[in-house]
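Open the model in your viewer and keep the sequence panel beside it. This tour tells you what to select next and what is there.

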Amino acid sequence: MDTSLSTIAVVGLGTMGTGIAEVLALAGREVIGIDISEAAALGAVASLEASTARAVGRGRITERERTDALARFRTSDDLRTAADAELVIEVVPETYEIKQQVFRELDAIVSPTAILATGTNALSVTRLAAESQHPERVLGLHFFNPAPAMKLVEVVSSVLTAPLAVEAVTALARELGKEPVAVGDRPGFVADGLLFGYLNQAAAMYEANYASREDIDAAMKLGCGLPMGPLALLDLIGIDTARTVLEAMYAESHDRLHAPAPVLGQLSSAGLTGRKAGRGFYTYDAPGGQAVVPDALTPAADAVSGSGREVASVGVAGSGTMASGIAEVFAKAGYDVVLAARSKEKADVAKGRIAKSLERSVTKGRLTAEARDETLARITAAGSLDAFAEVDLAVEAVAEDLEIKRQLFAALDKVCRPGAVLATTTSSLPVVAIARATARPEDVIGMHFFNPAPAMKLVEVVRTVLTADDVHATVRAVCARIRKHPVDCGDRAGFIVNALLFPYLNNAIKMVEEHYASLDDIDAAMKLGGGYPMGPFELLDVVGLDVSLAIEKVLHQEFRDPGLAPAPLLEHLVAAGCLGRKTGRGFREYARR
């Protein structure tokens with residue numbers, strides 16, 4: 001088997017094929033770009049010329065390097081020009097019929113020692129290899145779009161692939177400046193296997209009218225630090241492409257989480273396939289355009305009906321990190337804040353935590369010393385909820401336990417004045433069950449802040465079937481004043497963020513349980529291939545495995561979907577006391593502080 005890989009053919013000169021050809025040419029390989037469409041070939045040359053010119057302009061390459069790279073790239077409409085290639089990478093349309101035809105033809109053209117790679121992200125590499133006379137030389141080489149920028153390359157082996165072929169393309173990927181991850185042959189591999197289940201759930205959430213497209217996307221960007229919201233990402237990928245991937249995943253897994261949401265089929269059938277069509281979940285300025293333009297579903301600026309209640313003072317119940325963070329947010333925004341804990345000592349400790357946080361802001365130049373002092377002066381520490389007698393908004397941030405929260409709201413009901421808004425910061429419990437602990441459930445609403453509250457911009461505003469319109473309007477207005485981004489969602493487990501995030505985390509654990517990929521490879525795949533700020537196992541250890549398990553159980557109980565059942569490995573680790581960073585060991589081990 002030839003492992004020099006100095007001459008490489010790329011079959012299919014769409015966006016991905018052209019990007020791969022650019023990476024190879026810039027890395028010193030002789031590249032033959034093959035496409036039956038003359039327009040596609042001309043477009044690839046023009047794209048390469050333009051992108052390399054931009055790279056010169058930005059100082060990333062020299063003019064000589066650009067000239068040499070362009071000279072190494074030639075195009076053809078005849079597959080026979082791949083005869084001398086040591087590696088052929090196909091990126092033709094995502095169907096078995098087309099890809100199998102390419103492999104059958106290549107068998108009669110290339111050397112028996114040449115390696116054949118498929119760029120599929122959804123189809124079975126084994127099934128494609130079985131069509132070849134030399135299945136041992138067939139593997140998957142899955143680049144991510146845009147290929148010149150994305151670092152991840154999934155190297156996919158079938159049960160038939162020769163180790164020497166895997167070693168050769170893995171070495172090539174590293175020489176190209178990429179991060180290769182070795183994975184087995186199953187639809188979606190690692191990154192798309194986790195990503196598309198999440199995208200599918202977001203589409204189903206939108207289809208159920210649970211939340212608007214704008215709120216779903218904003219929630220995942222602001223709540224998880226993702227570069228794009230899931231519905232905008234589906235438009236970028238192509239809704240028809242996403243549906244094809246999900247169909248392939250479901251055919252193997254039979255997991256309802258992978259069964260394509262009907263809205264994906266409806267949009268695909270209507271030709272509303274995303275950016276490339278000019279319309280998908282959103283509407284764009286033109287086919288292939290990037291700018292979203294208003295349409296019939298775009299919310300009006302005054303979308304929240306009714307006027308709210310006056311809020312001048314806020315009570316925050318709790319003494320932990322979340323409570324002190326929320327109190328800091330309100331005080332910075334000019335509200336008078338009462339911070340109440342189970343004792344005056346605990347409240348003073350929480351206020352001291354706020355003082356340290358503000359001091360750090362002063363040190364970093366984000367806050368003046370005068371503003372620090374004014375903020376602290378607005379906060380009154382109290383050892384009893386009785387101090388909430390005159391507040392306009394009471395926000396609880398105590399332990400995530402339904403009975404504890406119900407007891408606290410029963411107490412707030414007795415203490416707070418009539419007309420005060422009562423808000424819970426629960427991340428997964430039913431808000432209506434908390435509201436029913438009071439005699440005024442119409443005044444109760446969810447305000448789910450994200451940790452750390454001073455830094456995170458998102459607040460999930462959770463209405464129950466009993467929440468009054470003016471209470472909803474009040475909380476939306478308060479969010480604007482404290483410079484947070486509110487997203488509206490109904491009262492069901494997980495709301496938006498956790499309902500989409502934790503099934504994804506759970507599926508990552510299942511991949512490890514099945515020995516499909518390692519912790520490190522999965523984390524690398526999601527950071528490099530999906531743009532996630534943290535890999536799933538890094539995030540699980542930060543959140544806490546006990547917290548994660550509790551949320552998984554709530555989601556499973558609410559939706560009764562077998563695919564949402566907590567992964568046994570997660571339950572075993574929690575039972576063993578391995579809860580993540582806070583205990584020094586979770587999925588990984590950490591140095592004790």
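Start by selecting histidine 254, in the loop between helix H10 (239-253) and helix H11 (262-269). Keep in mind throughout that this is a predicted model. Is histidine 254 buried or exposed? Its relative accessibility is 56%, and exposed means over 50%, so histidine 254 counts as exposed. Now look at its backbone: phi of histidine 254 is positive, about 55 degrees, although the residue is not a glycine. Most residues other than glycine have a negative phi.

Next, select histidine 515. This residue belongs to the loop between H18 and helix H19 (519-530). Histidine 515 also has a positive phi without being a glycine, with a value near 60 degrees. Its relative accessibility is 72%, so histidine 515 counts as exposed.

Step back along the sequence into helix H18 (residues 497-513) and select leucine 501. Leucine 501 has a relative accessible area of 11%, and buried means under 20%, so this residue is buried. Which residues does leucine 501 touch, leaving out those up to four places away in sequence? They are Met220, Cys224 and Leu539. Add glycine 223 to the selection and draw a distance between the two C-alpha atoms: leucine 501 and glycine 223 are 9.8 Å apart in space, with their positions 278 residues apart in sequence.

Now go to helix H3 (residues 63-71) and select alanine 69. Alanine 69 is buried, with a relative accessible area of 2%. Leaving out residues up to four places away in sequence, alanine 69 touches Ala25 and Leu26. Glutamate 49 is 20 residues from alanine 69 along the chain, and their C-alpha atoms are separated by 9.5 Å.

The next stop is a whole helix, H12, residues 321-332. What span should its 12 residues have at 1.5 Å a residue? The expected value is 16 Å, and the end C-alpha atoms of H12 are 16 Å apart, which agrees. Nine of the 12 residues are buried, so H12 is largely enclosed by the rest of the structure. Among the buried residues are Ala323, Ile326, Glu328, Val329 and Phe330. Just after H12, select glycine 334, where phi is positive, about 100 degrees.

Two peptide bonds come next. Most peptide bonds are trans. Select asparagine 145 and proline 146: the bond from one to the other is cis, with omega near -5 degrees. Proline 146 is in the loop between strand E6 (138-143) and strand E7 (152-157). Then select asparagine 451 and proline 452, which are also joined by a cis peptide bond, with omega about 0 degrees. Proline 452 is in the loop between strand E16 (444-449) and strand E17 (458-463).

Finally, clear the selection and show the whole protein. How many helices and strands are there? The protein has 22 helices and 18 strands. A compact globule of 593 residues would have a radius of gyration near 25 Å, and the protein has 27 Å, which agrees. Turn the model to follow its principal axes: the C-alpha trace spans about 85 × 50 × 50 Å. Of the 593 residues, 53% count as buried. Colour the charged side chains to end the tour: 60 are positive and 75 negative, and the centres of the two sets lie 6 Å apart.

Methods. Residues numbered from 1 in each chain as written. Predicted model: local features only at pLDDT ≥ 70, side-chain atom pairs only at ≥ 80, totals over all residues. Heavy atoms only, no water. Helix = DSSP H or I, 4+ residues; strand = E, 2+ residues; numbered from the N terminus. Rg over C-alpha atoms; globule rule 2.2 N^0.38 Å. Buried < 20%, exposed > 50% of the residue type's maximum accessible area, 1.4 Å probe, protein only. Lys, Arg positive; Asp, Glu negative; His and termini not counted. Charge placed at Lys NZ, Arg CZ, Asp CG, Glu CD. Expected span 1.5 Å × (residues − 1). Contact = heavy atoms within 4.5 Å.
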